[in-house]
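Hi everyone, thanks for having me. Today I'd like to walk you through some charged side chains and how they pair up. Please have a look at the screen.

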Amino acid sequence: MYESLWSFPGGLMGEFDRLRRELDDVFGAGAPASIRSAAPGAFPAINVGHTPSSVEVYAFAPGIDPARIDVVLDRGVLTISGERPAAAPAPSEGEGKANVYSRERFAGSFKRAISLPDDADPARVSATYRDGVLQVSIARREEAQPKRITVQ
């Protein structure tokens, strides 16, 4: 019936979850979950992962001219920065100004910094921007690659 104690109404775990949400509201909801993440709503949203041969960073930044995006790798920190222009509001009928009730699209300057692992090779980096997604691929050093050892 109930998948876990978390979803059991009025249960002890449900009360702990409610208390945690109330404390988040009081002491800073939206704080990063870890030192490597950013608060929810940070722009651009990023995914960071790795393969055996590279570190892959995806930044989701639609509507930005790739020439206005700066990607810098310095001392193991990848920095993505730039500016997203504000969208012009559509004028309302008969007036030159629109009433805005909600604005969720980010506009303005942005900067995200990502700490890279020690085996990232700053000499072999590539960046591409397609369909609103910036992909930065940083090769891993050869000596850090796993090596298969033949047993004799």
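I'll talk about the salt bridges here, one pair after another. Please keep in mind that this is a predicted model.

So, how many salt bridges does a search of the whole structure find? The search turns up 5.

Let's begin with Arg68 and Glu83. These two form a salt bridge, and their closest N and O atoms are 3.7 Å apart. Where do the partners sit? Arg68 is in the loop between strand 2 (54-60) and strand 3 (69-74), while Glu83 belongs to strand 4 (residues 77-84), so this pair ties together parts that are 15 residues apart in sequence. Arg68 is partly exposed, at 42% relative accessibility. Glu83 is partly exposed too, with 36%.

Next, please find Asp121 and Arg124. Their side chains meet in a salt bridge, with 3.2 Å from N to O. Is Asp121 buried or exposed? Asp121 has a relative accessibility of 16%, and buried means under 20%, so Asp121 counts as buried. Its partner Arg124 is partly exposed, with a relative accessible area of 36%.

My last pair is Asp131 and Arg130, whose side chains also meet in a salt bridge, at 3.8 Å from N to O. Here Asp131 is exposed, with a relative accessible area of 71%, and Arg130 is exposed as well, at 66%.

One more thing before I stop: which residues do shared salt-bridge partners join into one network? They are Asp121, Arg124 and Glu142.

Thanks for listening, everyone!

Technical notes: Residues numbered from 1 in each chain as written. Predicted model: local features only at pLDDT ≥ 70, side-chain atom pairs only at ≥ 80, totals over all residues. Heavy atoms only, no water. Salt bridge = Lys/Arg side-chain N within 4 Å of Asp/Glu carboxyl O. Helix = DSSP H or I, 4+ residues; strand = E, 2+ residues; numbered from the N terminus. Buried < 20%, exposed > 50% of the residue type's maximum accessible area, 1.4 Å probe, protein only.
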